[in-house]
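Biologist: Please examine one part of this chain closely, and then place that part within the wider model. I should like a connected account of the backbone and its surroundings.

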Amino acid sequence: MSAVFGTQLKDWRGKRRFSQLDLALTANVSARHIAFLETGRSKPSREMIAQLAEALSIPRADRNALLHAAGFAQTYKRRDLDDAELVHVRDAVTWTLQRHDPYPALAVDRHWSLVMANKSATGLLTGIGINIGDSMLDAALNSDALRNSIVNWPDVAHHILVRLRTESAYLGGDTILDAAADQLANEVQPTQEAETLPAIVPTIYRAGEIQLSLFSTIAQFGTAEDIALADLKIELMFPADDLTRNVFLAQNG
C-alpha cells in the first residue's frame with residue numbers, strides 16, 4: 001500500500017509542479033523523507049498525509065484516495081445540501097442568494113449543475129430554458145438559446161474556457177471539465193488583445209430591445225471539509241452599467 005501511496009504523492013507533486021525540495025519546504029519536512037515516502041521506503045502517518053495534502057492543495061476526494069492508499073480509513077464525506085448536517089450551510093447559501101436580489105445569484109456544483117438560484121437569476125435563466133438541476137456547462141456548450149442571448153459570446157466563451165482549465169488544474173484533472181474545455185477551445189478564436197484591457201469583461205445579455213451587462217464574483221466555503229460542499233460555488237452577478245442597474249431595481253420595485 002505504501003508504494004501506491006508513493007505513486008499518488010509523486011503524481012500530485014508533478015501536477016503542482018513541485019520538486020521534492022519544494023514540497024519538503026512547504027510541508028516543513030525533509031526532502032529525504034519525501035523521497036522515502038514516494039519510493040515506499042517509509043509509511044506515512046495520517047497526520048503526515050494531511051500535512052502533505054494541505055501543502056499540495058489536494059481536493060478532499062483525492063485526500064481520501066491518499067488515505068486509502070496508505071491503509072487508513074477515509075476522512076471526508078460527500079453530503080447532499082439537504083442533509084441534516086448541512087442545514088445551517090443551506091440556510092447560509094439561501095440567505096446569500098436571496099439578499100442579493102434584485103441582482104442575479106446562483107450556486108453550482110463541481111460540474112456546473114445549477115443547485116440553487118435566487119428570484120432574479122431564476123427569471124433570467126428560465127427564459128433561456130435553464131432550470132434547477134440543469135447543467136450550465138451543457139448549456140454553454142450546446143444551447144443556442146443561451147449563446148444567442150449573449151451579445152459578446154466570443155469574449156464570454158474565452159473566459160469560460162480559461163475558467164474550465166483553471167478549475168480542472170486545481171482538481172488535478174477532471175475529465176468532464178477537460179472535455180468541455182476541449183470542445184470550447186475548438187470554437188474560440190484567438191483575438192488580438194487591445195493595448196489596454198478593460199477592468200472587467202461583463203456578460204452582456206440580450207433582453208428584448210435592451211442589453212443587460214453583468215459581471216460576476218464567485219465565492220466558496222473556505223473551511224469546507226465535505227467533498228461536495230468544497231466544490232460548491234456561489235456566483236453573484238452585479239450590474240456593469242447604469243441601465244442594467246436601473247432595470248433590475250425597477251423589477252424589484
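Modeller: W112 lies in the loop between β1 and β2. The model is a predicted one, and the description that follows should be read in that light. The phi angle of W112 is near 70 degrees, which is a positive value in a residue other than glycine. Most residues other than glycine have a negative phi, and most peptide bonds are trans. W112 is buried, because its relative accessibility is 7% and the cut-off for burial is under 20%.

The loop belongs to a hairpin: five residues stand between strands β1 and β2, and W112 is the residue with the positive phi in that hairpin. Strand β1 covers residues 105-108 and strand β2 residues 114-117; the two run antiparallel and are joined by three bridges. Within this pairing, A107 of the hairpin faces M116 in β2. In a regular strand the side chains alternate between the two faces of the sheet.

Ahead of the hairpin there is another backbone feature. D101 and P102 are joined by a cis peptide bond, with omega about 15 degrees. P102 is located in the loop between α6, residues 87-100, and β1.

A positive phi is also found at N28, where the angle is near 60 degrees and the residue is again not glycine. N28 sits in the loop between α2 (20-27) and α3 (31-39). With a relative accessible area of 68%, N28 is exposed, whereas W112 is buried at 7%.

A further buried position is R60, in helix α5, which comprises residues 60-69. R60 counts as buried because its relative accessible area is 14%, and burial requires a value under 20%. The side chain of R60 makes a polar contact of 3.3 Å with the side chain of E225. Leaving aside residues up to four places away in sequence, R60 touches Y76, Y170, A224, E225, I227 and A230.

These details belong to a chain with 13 helices and five strands. The C-alpha trace spans about 70 × 50 × 30 Å along its principal axes. Of the 253 residues, 43% count as buried. Among contacts between residues at least 6 apart in sequence, 55% join residues at least 24 apart. The chain exposes about 13,800 Å², and carbon and sulfur atoms supply 53% of that area. As for charge, the chain has 24 positive and 31 negative charges, and the mean positions of the two sets are 9 Å apart.

Notes. Residues numbered from 1 in each chain as written. Predicted model: local features only at pLDDT ≥ 70, side-chain atom pairs only at ≥ 80, totals over all residues. Heavy atoms only, no water. Helix = DSSP H or I, 4+ residues; strand = E, 2+ residues; numbered from the N terminus. Buried < 20%, exposed > 50% of the residue type's maximum accessible area, 1.4 Å probe, protein only. Polar contact = N/O pair within 3.5 Å; in protein donor to acceptor, adjacent residues only side chain to side chain. Contact = heavy atoms within 4.5 Å. Areas by Shrake-Rupley, 256 points an atom, 1.4 Å probe, with all protein chains shown as cover. Lys, Arg positive; Asp, Glu negative; His and termini not counted. Charge placed at Lys NZ, Arg CZ, Asp CG, Glu CD. Pairing = 2+ DSSP bridges.
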